[in-house]
Amino acid sequence: RAGTPACARGVPTDPPMGSKPSGMTNMDITSPLGLQRQLDAAPGGRLVVVYCHAAWCRPCKPVARALQALQAEGVPFTLLRVDADRAAPVLSMLGVMQLPVVVAMLRGREVSRFDGRAVGAIPGAVRQLAAGAP
């Protein structure tokens with residue numbers, strides 16, 4: 001039905017990010033101020049992964065599963081989720097033009113960016129960046 005949100009038409013949403021190992025941080029970001037506060041609060045240069053997605057985005061599903069698997073392994077990073085349908089200003093702030101996008105940040109600065117086509121590269125890059133973060 002035209003005009004009906006995808007989630008109301010029965011399109012599956014992202015899988016839940018699941019339980020997280022001790023020390024993991026998961027947060028949904030809905031505003032640029034919320035994003036900035038979380039970046040500022042990241043302890044000691046901890047890797048922050050900003051995952052930009054939408055419930056209707058099919059290519060977002062494998063990215064969500066890859067991030068969930070990294071958390072299950074205990075890779076130390078903070079995960080900030082940005083739903084495109086609820087936080088368009090955050091996408092603008094990050095310069096995101098398509099979904100999904102994963103932005104890796106250290107000390108509030110972008111150090112790497114991946115789109116959905118690079119889902120296979122995300123786990124290794126996040127592991128490497130998290131290992132290099134103090």
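Trainee: Among contacts between residues at least 6 apart in sequence, what share join residues at least 24 apart?

Mentor: The share is 73%. Keep in mind that this is a predicted model. To count as a contact, heavy atoms must lie within 4.5 Å.

Trainee: What is the pattern along the sequence?

Mentor: Read along the chain, the pattern is β-α-β-α-β-α-β-β-α. That comes with four helices and five strands.

Trainee: How are the five strands ordered in the sheet, and what is the pairing called?

Mentor: The order is β1-β3-β2-β4-β5, in an open sheet with mixed pairing. From one strand to the next, the twist averages 20°.

Trainee: What makes the pairing mixed?

Mentor: In general, strands of a sheet pair either parallel or antiparallel. Take β1 and β3: they run parallel. Now take β2 and β4: they run antiparallel. The sheet holds both kinds, hence mixed.

Trainee: How do you know that β1 and β3 pair?

Mentor: Pairing needs at least two bridges. Five bridges join β1 to β3, so the requirement is met. Within this pair, T25 stands opposite T78.

Trainee: Why are β1 and β5 called edge strands?

Mentor: Each of them pairs on one side only. For β5, the partner is β4, through six bridges. Two bridges would be enough, so that pair qualifies.

Trainee: What makes β4 and β5 a hairpin?

Mentor: The two strands run antiparallel, and two residues lie between them. R107, in the turn, has a positive phi of about 55°. Across the pair, M105 stands opposite E110. On its other partner strand, β2, the residue V49 stands opposite A104 of β4.

Trainee: Why is β4 described as mostly covered?

Mentor: Count the residues. Six of the six in β4, residues 101–106, are buried. V101, V103 and M105 point one way, while V102, A104 and L106 point the other way. Both sets are buried.

Trainee: Why does T78 count as buried?

Mentor: The cut-off is under 20% relative accessible area. T78 has 5%, so it counts as buried. T78 belongs to strand β3, residues 78–83. Beyond its neighbours within four places in sequence, T78 contacts T25, R46, L47, V48 and V49.

Trainee: What is the relative accessible area of I29, and is it buried or exposed?

Mentor: The value is 3%. That falls under 20%, so I29 is buried. I29 lies in strand β1. Leaving out residues up to four places away in sequence, its contacts include L80, R81, V82, D83, A87 and V90. The C-alpha atoms of I29 and A87 are separated by 7.3 Å, although 58 residues apart along the chain.

Trainee: How much of the protein is buried?

Mentor: Buried residues make up 45% of the 134 residues.

Trainee: How does the span of α2 compare with what is expected?

Mentor: The helix has 14 residues and reaches 20 Å from its first C-alpha to its last. At 1.5 Å a residue, 20 Å is expected, and the span is close to that. The helix is followed by G74, with a positive phi near 90°.

Trainee: What covers the buried residues of α2?

Mentor: The cover includes β1, β2, β3, β4 and α4. Among the buried residues are C60, V63, A66, L67 and L70. α2 lies across β1, β2, β3 and β4, at about 155° to β2. On the sheet, α4 touches β2, β4 and β5, and its direction makes about 165° with that of β5.

Trainee: Which values describe how α2 and α4 pack?

Mentor: Two packed helices are described by the angle between their axes and the distance between the axes. For α2 and α4, the angle is about 40° and the axes are 10 Å apart. The contact uses V63, A66, L67, L70 and E73 of α2. From α4 come I122, P123, V126 and R127.

Trainee: How do the residues of that contact divide into nonpolar, polar and charged?

Mentor: Seven are nonpolar, none polar and two charged. Glu and Arg count as charged, so E73 and R127 are the charged ones.

Trainee: What is the handedness of the crossing of α2 and α4?

Mentor: It is a right-handed crossing. The near helix is turned clockwise from the far one, so the name follows.

Conventions:
Residues numbered from 1 in each chain as written. Predicted model: local features only at pLDDT ≥ 70, side-chain atom pairs only at ≥ 80, totals over all residues. Heavy atoms only, no water. Buried < 20%, exposed > 50% of the residue type's maximum accessible area, 1.4 Å probe, protein only. Axes fitted to C-alpha atoms, helices over the stretch in contact; angles between N-to-C directions. Expected span 1.5 Å × (residues − 1).
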